[in-house]
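Biologist: I would like to learn how to read this model feature by feature. Could you take me through it, giving the general idea and then the case at hand?

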Amino acid sequence: MPELRINGETHSVDVPVGRTLAETLRNDLGLTGTKIACAEGHCGACTVLLDGVPVYSCITLVHTVGEREVTTIEGLREHPLVAAFVRTDALQCGFCTPGQIVSASALVASNPDPSTDEIRHAMAGNLCRCGTDPKIEEAIATWQG
Amino acid sequence: MARLIRTEKEVEGRYEDVWLVVEEDALEQWPAGPGEIVGRPAQRVTGPLRARGEARYTADIRLPGMLQAAVLRSPHAYARVKKISLEPALAAPGVRAAIGPGEVEVLTDEPGFQGQAVAAVAADTYWQARAALELVEVDWGVREPLLDPDEAVRRGQLVGGPSRYERGDVDRALAEADVVVEAEYRTQTVLHNSMETHQSICEWQGDRLDVYISTQSIWGVRDEIAAALGLAPDKVRVVCEFMGGGFGSKNGANDHTFVAAELAKRTGRPVRCALTRREENLASGNRNATIQRLTAAAKSDGTLVALAGEFVNATGWSGWASSTDGPMQMLYDCENVRTTLYPAKINTPPMKAFRAPGFVEGTFGLECILDELAAKLELDPLEIRRLNYASSAADRPLSSKNLMECYRRAEPHWQRRDEVRARSEGPWQRGVGLASQVWYGGGGPPSYAWVRLGSDGHATVITALQDIGTGTATAMAQVAAEELSLPIDRVDVVLGDSARGPYAVTSAGSSTVPSMGPAVRSAAAEAARQVIEIAAQRYEQEERVLSLSDGQVVSSDGGSWPIEDVVGLLEDAQILGKGARGPNPAGMQVLTFGVQVAEVAVDVETGEIRVERVVAIHDVGRVINPLGASSQVEGGIIQGIGHTLSEDRLIDPQTGITLNQTLDAYKLPTIADVPEIVTELLDIPDEHLTNLGSKGLGEPPIVPTAAAIANAIRDATGADVRSLPISREEMLRALAEAREKEKREAPATV
């Protein structure tokens with residue numbers, strides 16, 4: 001039975017080998033802020049951090065997480081990026097938004113003042129079908145207020 | 001007193017007479033320009049819940065004892081189920097029920113497209129249900145699919161009669177014209193790909209059915225299910241609090257909901273049925289491909305004398321004929337117009353509405369051939385549009401039209417042409433193009449709202465409406481706050497539940513704000529009137545000297561009382577204002593208009609195309625929330641860039657199998673593909689349209705984008721691109737054709 005460190009807390013999860021981290025978060029732990037939109041690693045809606053590195057949790061097997069700290073949107077609710085996304089209207093339907101914010105948090109952690117090209121490079125793995133991309137760019141460029 | 005009137009209702013150009021109850025007299029429109037709250041940028045009221053991952057979408061709902069369903073879908077484009085055995089699936093671990101063809105109407109033994117539902121299983125977990133599907137034994141009789149829409153038209157295999165339209169005498173006008181251009185345009189099949197796939201959870205409570213569904217139409221789903229299952233409509237409760245995108249694809253209950261309802265009935269448990277991404281891209285609808293054979297004719301001065309089009313919609317196995325012919329009939333002042341529209345029935349997944357269905361496709365053809373005509377006449381593309389401006393619709397007056405003002409506002413962007421072209425360098429050729437937009441968007445009755453005002457001075461807007469991500473809840477809060485003179489943070493919006501609010505419009509046809517906004521305003525006005533009546537009696541004032549301002553009841557003699565003091569007299573009780581959407585202006589047509597100007601760069605060696613700038617100027621009446629409106633415009637343009645340059649649902653021409661079902665293989669635009677986007681909304685209230693003067697904005701911005709880009713490509717390279725998406729292959733083909741044409745037309749030299 002693996003133990004997972006998620007948002008600073010330790011959880012014991014009794015799940016079969018082969019289950020993905022995204023399913024475990026959503027179905028076993030009730031952390032439904034992480035969304036699944038494609039379930040095969042193409043869209044980024046399920047992005048979480050493992051020791052600060054963004055990964056697609058829908059193609060990460062839960063038994064491979066090991067000691068690494070998992071950070072989900074539930075652990076980033078007080079991050080200034082959340083307010084920046086709301087202020088700049090960087091969400092429409094909002095289904096991809098938690099994944100966008102998780103990805104952006106990794107970017108600004110390593111590069112607090114990213115250029116437009118750096119934002120576009122870091123965020124190109126997070127699709128938004130509503131087309132909020134210009135506002136996402138603005139939110140990240142102005143995340144410090 | 002309730003007043004019953006007979007009025008016209010319009011949905012995307014189709015009119016019908018309806019009875020309508022109006023509960024109070026119409027309000028005067030607010031003056032043009034920003035008010036205290038309406039017309040000023042507002043943050044999305046649901047923004048924090050969505051951004052923090054707290055919003056509960058249908059995908060996030062987990063009911064106690066809930067089973068998961070999986071659907072067996074036809075692997076063949078056209079087949080017959082000769083024999084099917086569900087027994088092995090029923091014996092599999094965790095399986096609670098299985099249903100096959102005929103056991104619910106949406107399951108068929110004669111699938112007409114790959115992905116049509118045939119059988120379904122409910123199990124304790126989703127993976128058990130999927131594993132059980134593998135055990136279902138099917139003996140398929142595979143049939144030869146018909147995949148060519150032109151061939152379907154030749155055989156008369158259509159989903160509806162061809163629709164024909166003619167005004168004037170096209171043949172005579174063509175014979176007398178100075179210049180005639182003929183061209184064939186093609187548009188591809190485009191997939192909606194809402195981030196939240198189609199899904200429902202059904203739970204029976206005795207003879208009542210609760211349906212949690214990702215939908216654009218709470219009431220449409222209620223009525224569809226009630227009719228299909230023989231239930232009284234209010235025995236079906238439909239809930240959709242947060243919704244992960246629809247773009248037209250989520251107006252119905254769809255197969256998954258009927259599967260969940262039946263499996264829930266058989267098992268006595270709640271059942272969830274959610275499409276995978278791959279199922280989504282087979283079975284949830286698409287923007288159908290089109291073939292458009294167009295003719296445009298003009299006098300040498302540029303006056304249009306004839307427009308003609310034969311439109312073939314590759315509708316799919318079922319669906320309806322979206323109005324590919326609409327822009328040709330509506331956009332220009334042309335006496336002689338003839339269109340024929342054939343909705344071809346072929347063995348491909350059925351179309352569904354997709355953001356301005358038909359008009360996106362038809363505008364591409366029309367606005368491109370107009371530029372081809374302008375090039376032949378050596379006329380400025382903006383000038384030929386002004387020259388042929390239609391000041392009214394063909395058959396009825398317009399409630400308002402400010403397209404000429406849009407053109408005027410486009411001028412400075414259009415005049416960048418020389419400077420943009422001059423930045424061409426090496427293989428990269430640059431140019432500017434424009435295209436006009438016409439679409440519906442007037443909304444209409446019936447739509448109802450309640451405003452509840454509590455003793456804490458907070459108001460709650462209650463209506464059984466869905467917010468599909470467009471910012472509807474925010475716009476409704478703004479309208480109520482403006483009417484009640486309350487700050488917006490003292491207005492809550494409760495929506496998304498057919499059992500907990502009055503009837504509200506479907507979120508389709510750019511109709512939500514123009515339908516619901518007036519109802520919310522009239523409900524708020526009714527609540528405000530009651531506050532004043534109560535204050536007049538309590539403080540011994542005449543009603544006519546009292547008004548609401550800044551959270552207070554104020555008297556013209558200088559007295560003022562906080563609203564919460566007035567409503568506080570009721571203690572725990574509340575004031576309830578009810579509001580209804582009034583009728584649209586009788587005999588008039590309500591349309592939206594706009595123009596977009598695109599700047600592109602084309603690498604003439606590789607065919608790569610980059611869109612560098614798009615300016616969108618639209619006239620949608622009064623703008624409620626300029627911030628949310630700019631997001632809507634950007635979203636429409638980005639989706640437009642997707643279907644212009646990269647998105648293409650590919651079908652194997654032999655078998656009819658969809659080759660790109662994933663978000664990896666089907667190319668959506670990413671943040672790296674997005675150009676500079678400039679949004680300008682005229683913000684001129686439509687004086688004839690209800691108490692708000694607002695039209696819808698969801699669809700207009702996606703309509704002209706493809707044509708503006710294609711026309712910019714012609715400006716940059718001289719090549720006529722006529723097929724979407726403009727892949728590198730299509731771009732190189734058009735460039736080669738342009739070179740051939742230049743050679744042919746060059747004077748002979750010795």
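Modeller: Gladly. Let us start with what a contact is: two residues are in contact if their C-beta atoms, placed from the backbone, lie within 7 Å. Please keep in mind that this is a predicted model.

Biologist: With that in hand, how many residues does each chain bring to the contact between the chains?

Modeller: Chain A brings 40 residues and chain B brings 41 residues. On the side of chain A that touches chain B, the helices α2 (80–87), α3 (97–110), α4 (116–123) and α5 (133–141) each supply at least two residues.

Biologist: Which helix gives the most to that side of chain A?

Modeller: That is α5(A), with five residues. Sorted by class, the side of chain A that touches chain B holds 21 nonpolar, eight polar and eleven charged residues.

Biologist: People often quote an area for such a surface. What is behind that?

Modeller: The size of an interface is often given as the accessible area lost when the parts come together. Here we have counted residues in contact instead, 40 from chain A and 41 from chain B.

Biologist: Let us turn to helix packing. At what angle do α2(A) and α3(A) pack?

Modeller: The angle is about 125 degrees, and the axes of α2(A) and α3(A) are 10 Å apart. Angles of 65 to 115 degrees count as roughly perpendicular and those over 145 as roughly antiparallel, so α2(A) is oblique to α3(A). Their crossing is right-handed.

Biologist: And which residues meet there?

Modeller: From α2(A) come A:Leu81, A:Val82 and A:Phe85, and they meet A:Thr97, A:Ile101, A:Ala104, A:Ser105 and A:Val108 of α3(A). Six residues of this contact are nonpolar, two are polar and none is charged.

Biologist: What does a helix pair in chain B look like, say α17(B) and α18(B)?

Modeller: Helix α17 (residues 626–645) and helix α18 (residues 705–717) of chain B pack at about 60 degrees, with 8 Å between their axes. Because that angle falls between the roughly parallel and the roughly perpendicular ranges, α17(B) is oblique to α18(B). The contact uses B:Ile637, B:Gly640, B:Ile641, B:His643 and B:Thr644 on α17(B), and B:Thr705, B:Ala706 and B:Ile709 on α18(B). By class there are four nonpolar, four polar and no charged residues in the contact of α17(B) with α18(B). The crossing of α17(B) and α18(B) is right-handed.

Biologist: Can we step back to chain B as a whole? How many helices and strands does chain B have?

Modeller: Chain B has 19 helices and 27 strands. To judge its overall form, set the radius of gyration against a rule: a compact globule of 750 residues would come near 27 Å, and chain B, at 28 Å, agrees. Its C-alpha atoms fill a box of roughly 100 × 75 × 50 Å along the principal axes. Of the 750 residues of chain B, 57% count as buried. Among contacts in chain B with a separation of 6 or more, 80% join residues 24 or more positions apart.

Biologist: How do I read burial for one residue? Is A:Ala22 buried or exposed?

Modeller: The cut-off for buried is 20 or more other C-beta atoms within 10 Å. A:Ala22 has 24 such neighbours, so A:Ala22 counts as buried. A:Ala22 sits in helix α1 (residues 21–28) of chain A. Beyond residues up to four places away in sequence, A:Ala22 touches A:Thr34, A:Ile36, A:Cys46, A:Ser57 and A:Cys58.

Biologist: Which backbone details should I look at?

Modeller: Try positive phi in residues other than glycine. A:Asp51 has a phi of about 50 degrees and lies in the loop between β3 (47–50) and β4 (53–56) of chain A. With 13 other C-beta atoms within 10 Å, A:Asp51 is partly exposed. B:Asn254 has a phi of about 70 degrees, but is found in helix α7 (residues 254–267) of chain B. B:Asn254 is buried, with 25 other C-beta atoms within 10 Å.

Biologist: And where are cis peptide bonds found?

Modeller: One runs from B:Pro445 to B:Pro446, with omega near -5 degrees; B:Pro446 is in the loop between β17 (428–439) and β18 (448–453) of chain B. Another joins B:Leu724 and B:Pro725, with omega about -5 degrees. B:Pro725 lies in the loop between α18 and α19 (728–745) of chain B.

Note on methods
Residues numbered from 1 in each chain as written. Chains lettered and ligands numbered in written order. Predicted model: local features only at pLDDT ≥ 70, side-chain atom pairs only at ≥ 80, totals over all residues. Axes fitted to C-alpha atoms, helices over the stretch in contact; angles between N-to-C directions. Helix = DSSP H or I, 4+ residues; strand = E, 2+ residues; numbered from the N terminus. Parallel < 35°, antiparallel > 145°, perpendicular 65-115°, else oblique. Left-handed = near helix turned anticlockwise from the far one by under 90°. Nonpolar A, V, L, I, M, F, W, Y, C, P; charged D, E, K, R; others polar. Rg over C-alpha atoms; globule rule 2.2 N^0.38 Å. Buried ≥ 20, exposed ≤ 12 C-beta atoms within 10 Å, placed from the backbone.
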